[in-house]
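Colleague: I would like a close look at one part of this model, taken slowly enough for a first-year student. Please start from the pairing of two strands and then work outwards.

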Amino acid sequence: GCRYAGAPNFYKIGGLGDGFHCAIDPLNDNICFTESYYMNIKKSGDKGVSWSSVGGAFPAPVNFRDPGNNNQPTETVCFNTPLVIAPSNTSYVYAASCRFKRSTDAGGTWTNTLGAGYINNASTPGIYMAVAPTNNLIVYLSTGPGGGSRSRLYKTTDGGNSFGEIT
């Protein structure tokens with residue numbers, strides 16, 4: 001991603017290359033997240049002036065980069081990974097690979113919900129996500145096709161502890 005620094009200057013944010021999802025805390029615009037390839041998520045507490053990685057805070061089995069394999073992801077994840085902040089309770093931040101990830105402390109620590117199980121299967125990553133504007137526990141998540149499964153749309157009403165398919 002890029003940050004506008006006044007005409008005609010732009011510069012990379014967070015030391016990232018390709019930029020995809022970003023999320024700005026609607027209650028405190030000093031706090032923002034940016035994401036690039038394969039869930040490489042960074043957080044800023046000063047409107048994007050400085051950034052720190054949240055990837056090391058992801059739970060096992062995801063500490064996403066495998067240094068022995070050219071830093072490739074260790075589980076199925078979209079190149080452009082979904083990342084959202086719940087607007088009604090900004091302590092809740094969600095992300096998805098083939099597993100659903102939740103932070104309840106604004107990205108400080110993360111858990112794999114579903115007992116670290118898969119949303120659909122190990123080959124179907126999350127591709128888009130939205131949180132209900134007035135309830136931080138209602139999340140809609142779509143998964144891509146893979147592993148013999150078609151794309152699907154899911155809904156959780158408990159912050160990712162369980163999902164029901166709604167396609």
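In which sense do β4 and β5 pair, and over how many bridges?

Modeller: First, a caution: this is a predicted model, and the values below are computed from it. To your question: β4 and β5 pair in the antiparallel sense, over 5 bridges. One place to see this pairing is at C32, which stands opposite S44 in β5. As background, strands of a sheet pair through backbone hydrogen bonds, and the pairing can be parallel or antiparallel.

These two strands belong to an open sheet of 4 strands, ordered β3-β4-β5-β6, with antiparallel pairing. The edges of this sheet are β3 and β6, each of which pairs on one side only.

Now take a residue inside β4. T34 has its place in this strand. T34 counts as buried because its relative accessibility is 3%, and the cut-off for buried is under 20%. From T34 you can also look across to W51. The two residues are 17 residues apart along the chain, and their C-alpha atoms are separated by 9.1 Å.

The loops around these strands come next. K47 and D29 form a salt bridge, in which the closest N and O atoms are 3.6 Å apart. K47 sits in the loop between β5 (40-44) and β6 (52-53), while D29 sits in the loop between β3 (22-24) and β4 (32-36), so the salt bridge ties together parts that are 18 residues apart in sequence. Neither partner counts as buried: K47 is partly exposed at 44% relative accessibility, and D29 is partly exposed at 45%.

C32 raises another point, since a student who sees cysteines may look for a disulfide. The search of the whole structure finds 0 disulfides. For C22, the closest cysteine sulfur is the one in C32, at 8.2 Å, and that is too far for a bond. A disulfide would need the two sulfur atoms within 2.5 Å. The cysteines also show how accessibility can vary: C22 counts as exposed at 54% relative accessibility, whereas C98 is buried at 1%.

With C98 we have moved along the chain, and another set of strands can be compared with the one you asked about. Strand β10 (residues 93-96) pairs with strand β9 (residues 83-85) in the antiparallel sense, over 3 bridges. Here L83 stands opposite A95 in β10. Strand β10 also runs antiparallel to strand β11 (residues 100-103), and 4 bridges join these two. In that pairing, the partner of V93 is S103 in β11. The link between β10 and β11 is a hairpin through 3 residues.

The side chains of β10 are a useful exercise. In a regular strand the side chains alternate between the two faces of the sheet. In β10, V93 and A95 are on one side, Y94 and A96 are on the other, and these residues are all buried, which leaves both faces of the strand covered.

Let us return to salt bridges. The count for the structure comes to 3, and the pair of K47 and D29 is one of them. Further along, R150 and E165 meet through their side chains at 2.8 Å, N to O. R150 lies in the loop between β14 (139-143) and β15 (152-156) and E165 in strand β16 (residues 164-165), so this pair ties together parts 15 residues apart in sequence. E165 also meets R152 in a salt bridge, at 3.1 Å, N to O. That pair links distant parts of the chain, with R152 in strand β15 and E165 in strand β16, 13 residues apart. Taken together, R150, R152 and E165 are linked in a network of salt bridges. The members of the network are partly exposed: R150 has a relative accessible area of 45%, R152 of 23% and E165 of 34%.

One last feature concerns the surface. Y140, L153 and I166 form a nonpolar patch there, with about 240 Å² of accessible area together. Of these residues, Y140 is found in strand β14, and at 33% relative accessibility it counts as partly exposed.

To come back to where you began: β4 and β5 pair in the antiparallel sense over 5 bridges, within the open sheet β3-β4-β5-β6. The salt bridge between K47 and D29 joins two loops beside these strands.

Note on methods. Residues are numbered from 1 along each chain as its sequence is written. This is a predicted model: local features need pLDDT of at least 70, side-chain atom pairs count only at pLDDT 80 or more; totals for chains, interfaces and linings use all residues. Side-chain values use heavy atoms; hydrogens and water are left out. A salt bridge is a side-chain nitrogen of Lys or Arg within 4 Å of a carboxyl oxygen of Asp or Glu. Buried means under 20% relative accessible area, exposed over 50%, partly exposed in between (1.4 Å probe, protein chains only). Two strands pair if DSSP finds at least two bridges between them. Patches are made of residues with over 30% relative accessible area and no salt bridge: like charges are joined within 9 Å, nonpolar side chains (Val, Leu, Ile, Met, Phe, Trp, Tyr) within 5 Å. Accessible areas come from the Shrake-Rupley method with a 1.4 Å probe; for residues, only the protein chains shown count as cover.
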